[in-house]
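Reader: Could you walk me through this one slowly? I would like to start with the overall picture and then go to single residues.

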Amino acid sequence: KPNRTFTTIPSDNREWTRYLQGMFYARETTMTLLGCTTEPEAIARYTVSAGIVCLCIPALSGTSNDTLCFLNGLPDEILPERDQTCIARIIDNGVTAMGLVHIGTDTGVTLYKDLDGNAFTGSGTKGTNYSIIVYPLD
């Protein structure tokens, strides 16, 4: 199956090299926590291996001023073809618990304070503790 770099199967060594580089890589991006009185930023690292993303979400927190919580800065190259939901360590009102991380095809990363997908408290500290999530691109 062709990857996102090629629409057809490569035919020579140069194309095969580019094809494989598009399937296996490691990069980093700056993510911003939204839904707080400030917009804290941190570096997130990710690898892609044969269409599987391993995203290391950094520890980010701020004072909540909204019940919604987003992480901005996810590169298009690791947006999935279909929405994906993973579990991560989430902070709501200063308490760390397991919550949901929703990676949307067009919305980026939305955080939920618990496994039921409930919204955050509109006050106190919210964000993420360092977590690693894994999801497919297709």
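**Strands, turns and a few residues**

Author: A good place to begin is the pair β2 (residues 41-49) and β3 (residues 52-57), which run antiparallel and are joined by five bridges. Please keep in mind throughout that this is a predicted model.

Reader: Fine. Which residue does R45 stand opposite in β3?

Author: R45 stands opposite C56 there.

Reader: And how many residues lie between β2 and β3?

Author: There are two residues between them, and the two strands form a hairpin; A50, which sits in the turn, has a positive phi of about 50 degrees.

Reader: Is A50 buried, exposed or partly exposed, and why?

Author: A50 has a relative accessible area of 46%, and because buried means under 20% and exposed means over 50%, A50 counts as partly exposed. Its positive phi is found although A50 is not a glycine.

Reader: What does A50 touch, if I leave aside the neighbours within four places in sequence?

Author: With those neighbours left out, A50 is in contact with M23 and F24. You could also look at A50 together with L137: they are 87 residues apart in sequence, while their C-alpha atoms are 9.1 Å apart in space.

Reader: Which other residue has a positive phi although it is not a glycine?

Author: N93 is one, with a phi of about 55 degrees, and it is found in the loop between β6 and β7. At 44% relative accessibility, N93 counts as partly exposed.

Reader: Let me step back. How many helices and strands does the protein have, and in what order do they run?

Author: The protein has one helix and ten strands. Starting from the N terminus, the elements run α-β-β-β-β-β-β-β-β-β-β.

Reader: In what order do the strands sit in the sheet?

Author: The ten strands form an open sheet with antiparallel pairing, and the order across it is β4-β9-β6-β7-β8-β5-β1-β2-β3-β10. At the edges are β4 (60-63) and β10, each of which pairs on one side only. On average, and with direction ignored, neighbouring strands of this sheet are turned by 30 degrees against each other.

Reader: How many bridges hold β3 and β10 together?

Author: β3 and β10 pair over six bridges in the antiparallel sense, and within that pairing V53 has Y135 in β10 as its bridge partner.

Reader: And β6 with β7, how many bridges there?

Author: Strand β6 (residues 84-92) and strand β7 (residues 95-104) are joined by nine bridges and run antiparallel. To pick out one pair, R89 has M98 in β7 as its bridge partner.

Reader: Changing topic, where is N129, and what does its side chain do?

Author: N129 lies in the loop between β9 (125-128) and β10 (131-136). Its side chain makes a polar contact of 3.0 Å with the side chain of T96. Not counting residues up to four places away in sequence, N129 touches I57, P58, A59, R89, I91 and T96, so R89, which has its bridge partner in β7, appears again in this list of contacts.

Reader: What about S64, buried or exposed?

Author: S64 counts as buried, because its relative accessibility is 5% and the cut-off for buried is under 20%. It is found in the loop between β4 and β5 (70-72).

Reader: Which side chain makes a polar contact with S64?

Author: That is the side chain of K126, at 3.3 Å. Leaving aside neighbours within four places in sequence, S64 is in contact with G35, C36, T121, G122, S123, G124 and K126.

Reader: Last topic, the protein as a whole: what does the C-alpha trace span, and what part of the residues is buried?

Author: Along its principal axes the C-alpha trace spans about 55 × 25 × 20 Å, and buried residues make up 42% of the 138 residues. The accessible surface comes to about 7400 Å², and 50% of that belongs to carbon and sulfur atoms.

Reader: And what share of the contacts comes from residues 24 or more positions apart?

Author: Among contacts with a separation of 6 or more, residues 24 or more positions apart account for 59%.

Notes:
Residues are numbered from 1 along each chain as its sequence is written. This is a predicted model: local features need pLDDT of at least 70, side-chain atom pairs count only at pLDDT 80 or more; totals for chains, interfaces and linings use all residues. Side-chain values use heavy atoms; hydrogens and water are left out. Helices (H or I, at least four residues) and strands (E, at least two) are DSSP runs, numbered from the N terminus. A polar contact is a pair of N or O atoms within 3.5 Å; within protein, one must be able to donate a hydrogen and the other to accept it, and residues adjacent in sequence count only if both atoms are side-chain atoms. Contact means heavy atoms within 4.5 Å. Two strands pair if DSSP finds at least two bridges between them. Axes are lines fitted to C-alpha atoms, for helices over the stretch in contact, and angles run from 0 to 180 degrees between N-to-C directions. Buried means under 20% relative accessible area, exposed over 50%, partly exposed in between (1.4 Å probe, protein chains only). Accessible areas come from the Shrake-Rupley method with a 1.4 Å probe; for residues, only the protein chains shown count as cover.
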